[in-house]
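Got your viewer open? Here is a short walk through the model, one selection at a time.

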Amino acid sequence: MDGEDIELFARSIRNATREHTGQALDAALAEVGWCDALTFAPRAAIATLFECQGADNVTSSALCHVVQHALGVDDTPAARVVLPPIGQWHPPATVTHRGLHVNGLVPAALRHRASVVVIAPTGRSDGVFEVPTTSLAFDRVDGIDPHCGLLQVAGADIDPATDRGPTADGWAAAVALARVAIAHELVGASRTMLELAREHALGRIQFGRPISSFQAIRHRLAETLVAIEMAEATLDLAWLDMTEQTAAMAKAVAGRQARTTARHCQQVLAGIGFTTEHPLHLYIRRTLLLDGLFGTAASLTRALGEEIMSIGQLPRKLVL
Amino acid sequence: MTDAVSGATDLEDFRSSVESWLDENHSKLAPAYQGSGTLEQQMSHLATVKRLVYDAGFMRCGWPERVGGFGGSSLMRAYLGEALTARDLVEPGLYSMTEVLAPTMIDYATPELAATMVPALLRGDETWCQGFSEPGTGSNLASLSCRADRAGEGWRVSGQKVWTSLAQYAQRCVLLTRTGTPESAHKGITALFVDMDAPGITVRPIQAMHGVEEFSEVFFEDVAVPLARTLGQVNGGWAVAMDLLPYERSTSLWHRGAYLHRRLQDLVTTAPVGALDPVKLGEVTQLLYAFVARSRATQHRMANNERLGPETSIDKVLLATAEQAIFDLAAETLTPELTVSDDPESERWRTAYLYARAATIYGGSAEIQRNIIARRLLDLGNDR
């Protein structure tokens with residue numbers, strides 16, 4: 001895609017996330033050919049959709065498509081792959097002598113498929129298994145973010161319908177790409193939180209002047225922009241080489257900075273931002289959930305430090 | 001000039017030419033002193049390195065031909081400083097002064113003046129300093145009061161500057177002066193290019209907390225400056241200053257990123273087993289890599305001739321945050337080195353830790369950067 005095509009594509013994605021969520025958004029994305037874009041322009045497809053999704057606080061099955069794309073198992077047009085449980089990034093299934101054991105998360109749309117796909121470690125590689133939906137239990141996730149559109153999925157001692165052999169690029173590559181997608185969604189959510197706080201600060205008058213004229217408020221908002229730009233810069237880094245390490249960094253930084261953003265913006269929005277009459281709480285909820293998907297900022301940051309210490313080397317230096 | 005350099009318009013070629021030349025000439029380029037060395041040693045070593053790199057042609061790459069350069073992308077300048085810093089051949093703060101002052105001369109001096117002066121800076125023959133701050137003028141630069149009055153064929157300058165880095169070594173100074181009324185604020189400032197050996201200039205170095213006399217007070221007593229040394233328009237000095245400040249946050253920050261990368265790797269390598277906290281190490285690494293990624297994008301914008309502006313304040317905030325976090329971690333990890341050891345390497349950690357305290361103060365304090373971000377990037381309007 002060249003510049004003009006990307007702009008056109010971005011506009012149709014923006015319209016889709018502004019108007020739809022959940023399965024309606026899945027349908028709208030199918031119409032604009034988002035899955036094709038994922039194949040031939042992955043960065044534009046992922047960055048645009050996930051930032052818009054975060055900015056508009058909507059959900060879709062796109063994260064499953066990202067994982068399937070990285071695994072090389074996107075041979076069906078439907079999203080069908082099971083995501084890891086919250087806070088985890090290991091494959092969501094294990095193979096035991098009695099059959100498959102599944103524990104993970106899926107977008108609500110997957111309940112209506114005849115079968116889903118799970119990845120499980122099998123010896124040296126990761127195996128791909130088709131599991132009939134009837135052999136799984138689905139439970140709606142309310143939790144901190146009842147609009148997250150996710151279901152808990154679990155099953156034990158399952159005889160899989162098909163064993164499709166090892167994955168093309170492996171689970172680690174899928175985790176990396178999923179983390180980058182979620183990082184974009186966190187950045188999108190953060191940008192909306194900042195815009196909500198900024199508008200409030202400009203309009204809210206106290207002591208005879210807009211609170212945006214007080215340095216305490218200005219510096220909080222400036223701090224927030226720095227936090228978001230830091231997450232954006234780390235995403236640039238991830239796209240430059242797309243290693244597991246830089247993707248994990250992008251996710252960790254985006255997660256931490258989204259929490260920072262939420263804290264500053266809630267303080268600026270003050271009373272109104274503490275009510276359900278203002279949309280801020282939706283973004284705070286989503287931020288916490290997204291931070292947990294594929295590993296929290298805290299756990300990824302610790303893992304990075306431990307890895308550096310064990311090999312005695314910083315990650316590869318960024319080339320100009 | 002070597003053949004390798006003449007064809008190096010492409011960054012990849014430049015990179016490999018620089019690397020192999022640095023490999024071959026390491027013994028000539030490496031400092032003789034241990035640890036940080038004294039400022040005296042650093043300055044004389046810097047002149048040696050600049051001369052060698054200039055004669056090899058690399059120092060001229062990325063600078064316009066009309067000031068003795070070979071033209072080409074400014075990315076080459078960014079890369080050269082990175083390579084010299086990553087190999088510990090120069091102190092990045094001293095080396096990068098060129099990146100702040102040469103572009104200003106190229107943009108604002110008369111073509112003849114720029115063509116005469118800039119090569120001497122690039123070659124390491126001269127050191128230049130930047131006379132902006134005054135005792136009564138810190139963050140509020142537009143309030144400066146060092147006066148320049150027209151007298152005969154030139155200017156007469158009287159007043160005082162402070163925090164003037166390397167003034168005691170400098171042959172020239174890019175000086176901001178008050179040429180309008182005291183109330184004229186940013187509308188009555190003129191930039192001059194002043195010879196530091198002119199009669200009437202006194203320099204008094206100040207010792208900073210890290211033990212280095214890095215900056216000075218500079219006193220001007222009826223100093224004559226020729227009219228041809230005016231930079232930009234009379235009463236147009238604010239534009240000179242505003243265009244210079246983003247250069248403080250572009251190429252020189254990329255060089256600083258290379259330095260911080262090296263120091264953090266040194267910390268990982270030398271930390272005793274069990275002394276490093278993995279969570280803090282992970283977070284500090286993220287801060288550094290985010291800053292470097294941000295600065296990389298800025299280098300590319302500059303190379304594409306985009307105008308740098310207030311968005312570089314974010315680069316500066318990220319640098320200051322990363323630098324302080326790295327040396328805070330060093331201080332927590334290398335307690336004996338930081339506190340009681342007097343060998344050159346310990347001294348170097350201590351100096352770097354203490355110097356890092358200034359990262360949120362110099363070049364526009366952390367608060368000023370946030371003011372710029374609030375007003376210019378977030379469009380929050382006036383602050384009163």
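Start by selecting A:Thr301 and showing what surrounds it. Sequence neighbours within four places aside, A:Thr301 is in contact with A:Ala252 and, over on the other chain, with B:Val279, B:Gly282, B:Glu283 and B:Gln286. Keep in mind throughout that this is a predicted model.

Now colour the helix that carries this residue: A:Thr301 sits in helix H10 of chain A, residues 297-311. Is A:Thr301 buried or exposed? It counts as buried, because 26 other C-beta atoms lie within 10 Å. Add A:Val253 to the selection as well: A:Val253 and A:Thr301 are 48 residues apart in sequence, yet the C-alpha to C-alpha distance is 8.6 Å.

Step back along the chain to A:Phe294, in the loop between helix H9 (280-292) and H10 of chain A. Check its backbone: phi is near 60 degrees, a positive value in a residue other than glycine. Most residues other than glycine have a negative phi. A:Phe294 is buried too, since it has 28 C-beta neighbours inside 10 Å.

For another positive phi, jump to B:Asp222, where the angle is near 55 degrees. This residue belongs to strand S7 of chain B, residues 215-226. B:Asp222 is exposed, because 11 other C-beta atoms lie within 10 Å.

Next, bring up both chains and look at where they meet. Here 39 residues of chain B are in contact with 35 residues of chain A. On the chain B side, the elements giving two or more residues are helix H5 (75-86), helix H10 (251-270), helix H11 (278-303), H12 and H15. Which of them should you highlight for the largest share? Pick H11(B), which supplies 15 residues. Colour that side of chain B by class and you get 23 nonpolar, 9 polar and 7 charged residues.

Stay on chain B and select helices H12 (residues 312-333) and H15 (residues 366-377). They pack at an angle of about 145 degrees, with their axes 9 Å apart, and H12(B) passes H15(B) in a left-handed crossing. To see the contact, show B:Ser313, B:Ile314, B:Lys316, B:Val317 and B:Ala320 from H12(B), which meet B:Ala366, B:Gln369, B:Ile372 and B:Ile373 from H15(B). By class, that contact holds 6 nonpolar, 2 polar and 1 charged residues.

Time for the core. Of the 209 residues in the largest nonpolar core, A:Val118 and A:Leu221 touch the most other members. Helix H6 of chain A (residues 170-203) gives this core its largest share, 19 residues. Centre the view on A:Leu221: beyond its neighbours within four places in sequence, its contacts in chain A include A:Leu194, A:Ala197, A:Arg198, A:Ala201, A:His264 and A:Val268. From chain B, A:Leu221 is in contact with B:Ala374, B:Leu378 and B:Leu380.

Finish by colouring the domains. Chain A has domain 1 (3-71), domain 2 (93-166) and domain 3 (170-311). The C-alpha centres of its domains 2 and 3 lie 30 Å apart. Where these two touch, 6 residues of domain 2 of chain A are in contact with 7 residues of domain 3 of chain A, and the domain 2 side has 3 nonpolar, 1 polar and 2 charged residues.

Chain B is split into domain 1 (3-95), domain 2 (129-237) and domain 3 (249-377). For a last distance, 30 Å separate the C-alpha centres of domain 1 of chain B and domain 2 of chain B.

Terms used: Residues numbered from 1 in each chain as written. Chains lettered and ligands numbered in written order. Predicted model: local features only at pLDDT ≥ 70, side-chain atom pairs only at ≥ 80, totals over all residues. Axes fitted to C-alpha atoms, helices over the stretch in contact; angles between N-to-C directions. Helix = DSSP H or I, 4+ residues; strand = E, 2+ residues; numbered from the N terminus. Left-handed = near helix turned anticlockwise from the far one by under 90°. Nonpolar A, V, L, I, M, F, W, Y, C, P; charged D, E, K, R; others polar. Domains from an automatic or database assignment. Core = buried A, V, L, I, M, F, W, Y, C linked by C-beta atoms within 7 Å. Buried ≥ 20, exposed ≤ 12 C-beta atoms within 10 Å, placed from the backbone.
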